[in-house]
Each structure stands twice: as C-alpha cells, then as structure tokens.
Amino acid sequence: MGNIGISQWLIILVIIVLLFGAKKIPELAKGVGKGIKSFKAEMEEPVEKVEKKEETVKNSEETKTV
C-alpha cells in the first residue's frame, strides 16, 4: 500500500498542473530549489559564524526598540 505507481504520479501531476498552471510550475520548482540550496548552505555554516549572526540580529533588534 505504501508504493505509489505511475498512474498515481500522473494523477498527482495533472492535479498540480490544474491548480498552478503550466507556466507557474517552473517558477515553483525554482523557488523550492533555491530554498533547499539556502537551507543546505546554512546547515554547513560553522557554529561561530551562526552565533555571531545571532548576536548581530539581537543587537539590531535592541536598537530598533530603543
């Protein structure tokens, strides 16, 4: 029951095309690809760099509230 066959994939594809339109699908795929690429890049970032980025955000939020 857990396997999806070719006919089910075709039905899913037809529904997606009907919902979003054929012109919009490449844009959606491009956005998803950029999101995944960005996520992977952030996951590979060293911990020190992330901590520094968090401090910068925290400091900018404090200056906005003052």
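Helices here are DSSP runs of H or I with at least four residues, numbered from the N terminus. With that in hand, here's a quick look at a predicted model: a chain of 66 residues, 2% of them buried. There are three helices and zero strands, and one helix, α1, turns up again and again below.

**Overall layout**
- Going along the sequence, you get the pattern α-α-α.
- The chain's accessible surface adds up to about 6,500 Å², and carbon and sulfur atoms account for 66% of that.

**Ser-7 and its neighbour**
- Ser-7 sits in helix α1, which covers residues 6-20.
- Its relative accessible area is 45%, and because partly exposed means the range between under 20% (buried) and over 50% (exposed), Ser-7 counts as partly exposed.
- The side chain of Ser-7 also makes a polar contact with the side chain of Gln-8, at 3.5 Å.

**The nonpolar patch**
- A nonpolar patch lies on the surface, built from Ile-4, Trp-9, Ile-11, Ile-12, Ile-15, Ile-16, Leu-19, Phe-20 and Leu-28.
- Together, these residues have about 860 Å² of accessible area.
- Helix α1 is the top contributor to the patch, giving seven residues.
- Ile-11, one of the patch residues, is located in helix α1.

**In short**
- Helix α1 holds Ser-7 and also gives the most to the nonpolar patch.

Technical notes
Residues are numbered from 1 along each chain as its sequence is written. This is a predicted model: local features need pLDDT of at least 70, side-chain atom pairs count only at pLDDT 80 or more; totals for chains, interfaces and linings use all residues. Side-chain values use heavy atoms; hydrogens and water are left out. Helices (H or I, at least four residues) and strands (E, at least two) are DSSP runs, numbered from the N terminus. Buried means under 20% relative accessible area, exposed over 50%, partly exposed in between (1.4 Å probe, protein chains only). A polar contact is a pair of N or O atoms within 3.5 Å; within protein, one must be able to donate a hydrogen and the other to accept it, and residues adjacent in sequence count only if both atoms are side-chain atoms. Patches are made of residues with over 30% relative accessible area and no salt bridge: like charges are joined within 9 Å, nonpolar side chains (Val, Leu, Ile, Met, Phe, Trp, Tyr) within 5 Å. Accessible areas come from the Shrake-Rupley method with a 1.4 Å probe; for residues, only the protein chains shown count as cover. A salt bridge is a side-chain nitrogen of Lys or Arg within 4 Å of a carboxyl oxygen of Asp or Glu.
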